[in-house]
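Dear colleague,

I am handing over the structure below, together with an account of what was found in it. Please read the text beside the coordinates and tell me where your own reading departs from mine.

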Amino acid sequence: MYPARTIEQMIKEDFASIPEVTEVRVDVDDNNYLVSVELSDENPNRPLREKIFRKEFGLLKAFPDLQFDFDLV
């Protein structure tokens, strides 16, 4: 039997599927998830930003009862 994944692990794994993502930090304060996504490129191009935004939107849609604050660093 496999251990259940936490929401934090799922978030990290989801963003890590984008090759330009170098680190994902998730801090939780009550039901507020503070997600910091670090990229290898300091000036991400539009297609890369759109990939990140699609991931963010997917999380908002998948977990409507949670609050998210996303930050690109």
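Contact here means heavy atoms within 4.5 Å. With that cut-off, and leaving out residues up to four places away in sequence, Lys55 touches Asp14, Phe15, Ser17 and Ile18. Lys55 itself lies in helix H2, and its C-alpha atom is separated by 15 Å from that of Arg25, a residue 30 positions away along the chain. Please bear in mind throughout that this is a predicted model.

Overall architecture

The secondary structure of the protein chain comes to two helices and three strands, and, read along the sequence, these follow the pattern α-β-β-α-β. For a chain of 73 residues, a compact globule would have a radius of gyration near 11 Å, and the value of 12 Å found for the protein chain agrees with that expectation. Taken along the principal axes, the box filled by the C-alpha atoms is roughly 35 × 30 × 20 Å. Among contacts with a separation of 6 or more, 49% are accounted for by residues 24 or more positions apart.

As to the surface, the protein chain exposes about 5,300 Å², of which carbon and sulfur atoms supply 48%, while 26% of the 73 residues count as buried. The side chains include 9 positive and 16 negative ones, and the centres of these two sets lie 9 Å apart.

The nonpolar core

In soluble globular proteins, nonpolar side chains tend to be buried together. The largest nonpolar core in this model has 16 residues, of which Ile11, Phe15, Val35 and Phe68 touch the most other members. The elements that give two or more residues to this core are helix H1 (7–16), strand S1 (21–29), S2 and helix H2 (46–62), and S2 gives the most, with four residues.

Two of those well-connected members can be followed through their contacts, again leaving aside neighbours within four places in sequence. Ile11 is in contact with Val24, Val26, Tyr33, Val35, Leu59 and Phe68. Phe68, which is found in strand S3 (residues 67–72), is in contact with Ile11, Tyr33, Val35, Leu59, Leu60 and Phe63. Phe68 has a relative accessible area of 15% and is therefore buried, the cut-off for that class being under 20%. The C-alpha atom of Phe68 is separated by 14 Å from that of Lys12, although the two residues are 56 positions apart along the chain.

Other buried positions

Which residues does Leu48 touch, once those up to four places away in sequence are not counted? They are Ile18, Glu20 and Leu39. Leu48 lies in helix H2 and counts as buried because its relative accessibility is 5%. In the case of Glu20, the C-alpha to C-alpha distance from Leu48 is 8.1 Å, with their positions 28 residues apart in sequence.

Ser36 has its place in strand S2 (residues 32–39) and, at 17% relative accessibility, also counts as buried. When residues up to four places away in sequence are not counted, Ser36 touches Glu23, Val24, Arg25 and Asp71.

Exposed positions

Two exposed residues may be set beside these. Asp30 is found in the loop between S1 and S2, and at 69% relative accessibility Asp30 counts as exposed. Most residues other than glycine have a negative phi. The phi of Asp30, however, is near 65°, a positive value in a residue other than glycine, and I would be glad if you looked at that loop yourself.

Ala4 is found in the segment before H1 and counts as exposed, with a relative accessibility of 71%. The C-alpha atoms of Ala4 and Phe68, which are 64 residues apart along the chain, are separated by 21 Å.

With best regards

Methods:
Residues numbered from 1 in each chain as written. Predicted model: local features only at pLDDT ≥ 70, side-chain atom pairs only at ≥ 80, totals over all residues. Heavy atoms only, no water. Buried < 20%, exposed > 50% of the residue type's maximum accessible area, 1.4 Å probe, protein only. Core = buried A, V, L, I, M, F, W, Y, C linked by side-chain atoms within 4.5 Å. Rg over C-alpha atoms; globule rule 2.2 N^0.38 Å. Areas by Shrake-Rupley, 256 points an atom, 1.4 Å probe, with all protein chains shown as cover. Lys, Arg positive; Asp, Glu negative; His and termini not counted. Charge placed at Lys NZ, Arg CZ, Asp CG, Glu CD.
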